[in-house]
Amino acid sequence: MGVPLSLPSFLNSASDKYLQKTIRFGRPWRLMPAFSDLPPGDITAIVRYLRSWSDQPAPVYPDHAIAGNPETGAGLYADYCAVCHGNDGEGGAGTGVTLSRPRDLPILAPSLANSGFLASASDSMIRQILIDGRNDTPMRSFTAQGLSTEQLDDIVAFVRSFASRPVKPETQSQPVTPVITLKSPYGLDQTVANIKDALPGHNMRMLGVVYSDQGLVPKGTEDKKRVLINTCRFSRLNNALKVDPRFGVLLPCRISVAEKDGEVTMYAMDPRWFSELFNNIALDHILRDIYTTYVEIMEEASF
Amino acid sequence: MKIPLKAALLILLICSSTTRGHEHNILVERIDLPFTQTLLAVKTTIVELGYQIAKVQRVDKAMNKVDYATDKYRIIHFGQATQNAGLLTKCPALIAWLPLRITLAAEREQTLLITLNPLILEQFCGPEIQFQKWKNDLDLLVNKLN
């Protein structure tokens with residue numbers, strides 16, 4: 001995820017102020033949380049530790065803005081930067097590339113339109129990175145590629161303009177709760193059967209129907225009034241795990257059915273509720289997609 | 001490019017959700033053991049802590065034909081039936097979240113342990129002593145692995 005912290009070309013270009021701010025602001029929607037409550041002493045200690053991985057002194061950059069033409073910079077960005085950092089500065093995809101999967105690129109290009117990045121990196125630091133490139137990554141020196149100082153300033157100005165349109169998730173039109181709940185007009189067995197019947201129409205494969213305490217109690221003594229219907233759309237699962245291996249906390253995909261006092265209710269975790277927990281915008285559309293699947297199956301089963 | 005262990009540990013620290021101002025809601029621990037050993041150790045410790053393992057779920061079945069490069073990803077479902085039953089009576093929506101689960105994912109010669117913080121359940125069931133007990137047991141489990 002992102003650039004390895006011990007990469008010499010990273011440490012040699014990252015000021016202590018950048019590292020401190022990165023820890024404090026994090027990278028909203030790009031996995032790294034904000035450690036805003038860490039005592040300053042702890043942040044300093046972390047930065048000092050990171051710095052111990054390099055024998056070079058920490059660079060220091062002025063804070064002033066660099067005057068450049070963002071409109072010209074937009075064209076240069078499209079030509080030189082977008083291929084890795086994304087057309088809208090959204091960064092490389094596959095934030096969860098792990099589990100010994102092959103990677104397309106050795107380094108995941110950071111999101112430049114990230115509010116945390118923009119709050120941490122000064123214009124001068126961004127320009128220096130353009131000048132130097134990043135050894136051991138696909139990013140080559142822009143001056144070596146023939147760009148002038150003025151052109152670099154224009155790119156910096158364009159990157160800074162991302163601050164007015166940072167990458168952020170779609171806002172929910174209604175508050176999201178942790179659990180989707182829907183009452184069924186049918187008995188328990190019929191509701192379970194209806195859910196099973198609805199699955200194929202939503203491209204979901206049935207993995208199995210179990211009681212909620214199955215495996216926790218002796219066989220034959222399970223609570224028959226609490227049933228779990230495990231299901232999966234493997235292509236979506238594969239994509240989700242590629243994006244973020246933490247997705248496993250939502251698995252298996254499942255609709256639960258419980259009967260109490262003659263009333264039958266269906267339940268499912270609302271995946272959208274996890275959006276802030278994952279802090280990974282690349283997962284958001286998957287979470288919304290799963291939510292829609294659950295709701296449509298539950299509505300069909302109770303129709 | 002190989003990332004030194006210390007760098008990886010720091011990356012993990014930084015990537016654990018969420019901030020320290022409140023409890024982490026998705027717990028991610030990097031265990032310095034290979035996957036198979038971690039799986040065995042987690043299963044053993046879960047039982048030692050008084051829980052039952054309901055099942056160990058694979059996610060690679062039927063995915064071997066897709067570009068999944070490893071089968072070292074398991075989800076351990078565990079719990080204690082009487083604890084769960086009592087809580088489900090008080091908070092029926094909990095059925096969507098139980099039994100408890102721990103995900104293990106191989107990352108080269110180490111293992112990522114990923115799970116939800118049980119205290120998150122307070123957000124829709126209200127505070128329960130049992131949620132804190134689960135969290136305490138999770139901490140014990142991780143400490144034992146480390």
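What share of the 146 residues of chain B counts as buried? The answer is 55%, and the legends below start from that chain. Please keep in mind that this is a predicted model.

**View 1. Chain B as a whole mixes helices and strands.**
Let us begin with the overall layout. Chain B holds five helices and five strands, and along the sequence they follow the pattern α-β-α-β-β-α-β-β-α-α. Among the contacts in chain B with a separation of 6 or more, 62% come from residues 24 or more positions apart. The accessible surface of this chain is about 6,500 Å², and carbon and sulfur atoms contribute 55% of that area.

**View 2. B:Cys91 and B:Cys125 are joined in a disulfide.**
Here the two sulfur atoms sit 1.9 Å apart. The link is left-handed, with -75 degrees about the S-S bond. B:Cys91 belongs to the loop between helix H3 (81–90) and strand E4 (100–107) of chain B, while B:Cys125 is part of helix H4 (residues 122–125) of chain B, so the bond ties together parts that are 34 residues apart in sequence. Both B:Cys91 and B:Cys125 are buried. If you go looking for others, a search over all chains finds one disulfide in the whole structure.

**View 3. A:Cys81 and A:Cys84 are in no disulfide.**
For A:Cys81, the nearest cysteine sulfur is that of A:Cys84, 8.8 Å away. A disulfide would need the sulfur atoms within 2.5 Å. The surroundings of the two cysteines are worth a look as well. A:Cys81 counts as buried because its relative accessibility is 6%, whereas A:Cys84, at 27%, counts as partly exposed.

**View 4. Helices H4 and H8 of chain A pack against each other.**
Two packed helices are described by the angle between their axes and the distance between the axes. Helix H4 (residues 70–80) of chain A meets helix H8 (residues 149–161) of chain A at an angle of about 95 degrees, and the axes are 7 Å apart. H4(A) and H8(A) are therefore roughly perpendicular to each other. From H4(A), the residues in contact include A:Pro70, A:Leu76 and A:Tyr77; their partners in H8(A) include A:Ile155, A:Phe158 and A:Val159. Sorted by class, the contact of H4(A) with H8(A) has eight nonpolar, three polar and one charged residues.

**View 5. Each chain offers a cis peptide bond before a proline.**
Most residues other than glycine have a negative phi, and most peptide bonds are trans. In chain A, the peptide bond from A:Leu251 to A:Pro252 is cis, with omega near -5 degrees. A:Pro252 sits in the loop between helix H10 (234–243) and strand E4 (253–260) of chain A. In chain B, B:Leu98 and B:Pro99 are joined by a cis peptide bond with omega about 0 degrees. B:Pro99 is placed in the loop between H3 and E4 of chain B.

**View 6. A:Trp29 and A:Asp136 have positive phi values.**
Phi of A:Trp29 is near 70 degrees, and phi of A:Asp136 is also near 70 degrees. A:Trp29 lies in the loop between helix H2 (16–25) and helix H3 (40–51) of chain A. A:Asp136 is in the loop between helix H7 (123–132) and H8 of chain A. Is each side buried or exposed? A:Trp29 is buried, with a relative accessible area of 18%, while A:Asp136 is exposed, at 54%.

Conventions. Residues numbered from 1 in each chain as written. Chains lettered and ligands numbered in written order. Predicted model: local features only at pLDDT ≥ 70, side-chain atom pairs only at ≥ 80, totals over all residues. Heavy atoms only, no water. Helix = DSSP H or I, 4+ residues; strand = E, 2+ residues; numbered from the N terminus. Buried < 20%, exposed > 50% of the residue type's maximum accessible area, 1.4 Å probe, protein only. Contact = heavy atoms within 4.5 Å. Areas by Shrake-Rupley, 256 points an atom, 1.4 Å probe, with all protein chains shown as cover. Axes fitted to C-alpha atoms, helices over the stretch in contact; angles between N-to-C directions. Parallel < 35°, antiparallel > 145°, perpendicular 65-115°, else oblique. Nonpolar A, V, L, I, M, F, W, Y, C, P; charged D, E, K, R; others polar.
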